[in-house]
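Trainee: Could you take me through one part of this model up close, and then show me how the rest of the chain sits around that part? I'd like the cut-offs spelled out as we go.

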Amino acid sequence: MTPLNTVTPMTHPKKPVYVARCLYTILSFCFVCLSQFTTIHAAGIDSTNTFAYSGNDDVDGALGLVALFLKEQNRREGATYVSKDVESGIVGYQLRYYDDGNEVVDSEDWFSVKRYRIPTEPDTTKEEGYYKSDYMELVDFGLNGLDENDHYFIDGRRFDLRGQQENVLRQFQVQIESGVTAFLKKVTFEKVSDAIGTRAQTDVKKTQSYDDGSLPSQMVLGLNMDYVFRPIVRNGQTLPEQAMLEEIRQRLGFVLSASMEYTDLNGYRFREIADQVALLQRTYDPIEMPMIKLVIDALFDTDGDGIITSDNISNGYTRFREIHQQLIEQARSKNQRIVLPTDKLQRLREEYRALHNSAFKIPEM
Ligand SMILES: [Ca+2]
Ligand SMILES: [Ca+2]
Ligand SMILES: [Ca+2]
């Protein structure tokens, strides 16, 4: 995992030393600026607006942001979102992102870079920009880097990458990286992140951890929901992924299970749940989604942006205990011996309404 303020090593040809020195001051400044983007986490883009794939098999977080940006720029284009042409030396690029229609960047989408050569002296007898129709287009299905499932086009003819050697795939991938870099140098990563704002992580669906160590809903809950869990830092150390996963599941799992179970006034059932590791560490079934959404939105994601910090986790847990205590006192005053799940859910709905100023609606599944 690469922290945000670390420059990702590039595999591009090295710049001469003197250029590097001249750039140093500028870079330091950009570096400070970049580190302010606390809601954006894309270690695949460095402070010089250079893009490189982060190299795991998952949807690339940084490329996902660029995809979201394209979408932001031209929503009217239907399911394909296209960038303006960018020129870099004698090469021109155009970026395209295709969403399968579910409005989030995920492994069913593709991203492409069109690459064409700009003649030093364009033929004035031909129509303007004639050379743009003579291009190569590299298509990354899944936004996870080029592999054997990807393909490219030359003059409209498709070539599959199946059976290609690793180094050939790598060469093609560098072309995509160069195209995205040319684009980022023009629009700047700052502008990209401003346009996307807090949706950055919740709209890029990942199945593995994000570049900054945040965990997607898929990892924590086993469900593709709009939640991202921020890394847990303790005594200055970020918890390892597995420990973080267990801790979040322990807390959320307890609240979820306890909300769906009755409790007797002595805490029986409650204690039983707390002892059941398998129950707390499990992943959830899609049928439980409305319930999970209610619990999380009422207790853990109180500001509704889909981002859940470690403070949110402990506050949500504490809040649940408070609410539960109130329910127990209510039950006592009515001479009841147990608190029913329906009472708990009703109380959580009230909590939700107070926070979000609207009634909880069962989400579409
Ligand atoms: Ca999609
Ligand atoms: Ca791919
Ligand atoms: Ca939040």
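Mentor: Let's start with D140: at 0% relative accessibility, this residue counts as buried (buried means under 20% relative accessible area, exposed over 50%, partly exposed in between, with a 1.4 Å probe and protein chains only). Before going on, keep in mind that this is a predicted model, where local features need pLDDT of at least 70, side-chain atom pairs count only at pLDDT 80 or more, and totals for chains, interfaces and linings use all residues. Residues are numbered from 1 along each chain as its sequence is written, chains are lettered from A and ligands numbered from 1 in the order in which they are written, and side-chain values use heavy atoms, with hydrogens and water left out.

D140 is one of the protein donors of the calcium ion (ligand 2), giving an OD atom. The others are F141 (O), N144 (OD1), G145 (O) and D150, which appears with OD twice, and the donors lie 2.3 to 2.9 Å from the ion. Donors here are N, O and S atoms within 2.8 Å of the metal (3.2 Å for Na, K and Ca), and since water is not among the atoms, sites may look incomplete. Along the chain, the donors of this calcium ion follow the spacing D-F-x2-N-G-x4-D. What does the geometry of the site count as? It's irregular, with angles of 48 to 159° among the six donor atoms; six donors count as octahedral if opposite donors are over 155 degrees apart and all others between 65 and 115.

Elsewhere there's an open sheet of three strands, in the order β8-β9-β13, with mixed pairing. β8 (215–216) and β13 (307–308) stand at the edges with a single partner strand each, so one side of each has no neighbour in the sheet. β9 (residues 228–229) pairs with β13 in the parallel sense over two bridges, and V228 has I307 as its bridge partner in β13. Two strands pair if DSSP finds at least two bridges between them; strands (E, at least two residues) and helices (H or I, at least four) are DSSP runs, numbered from the N terminus.

I307 also leads us to N312, which sits in helix α11 (residues 310–333). Leaving aside neighbours within four places in sequence, N312 is in contact with L299, F300 and I307, contact meaning heavy atoms within 4.5 Å. N312 is buried too, with a relative accessible area of 19%.

Zooming out, the chain has 12 helices and 14 strands, and buried residues make up 46% of its 365 residues.

Definitions and conventions
Four donors count as tetrahedral if all angles lie between 85 and 135 degrees; four count as square planar and six as octahedral if opposite donors are over 155 degrees apart and all others between 65 and 115; anything else is irregular.
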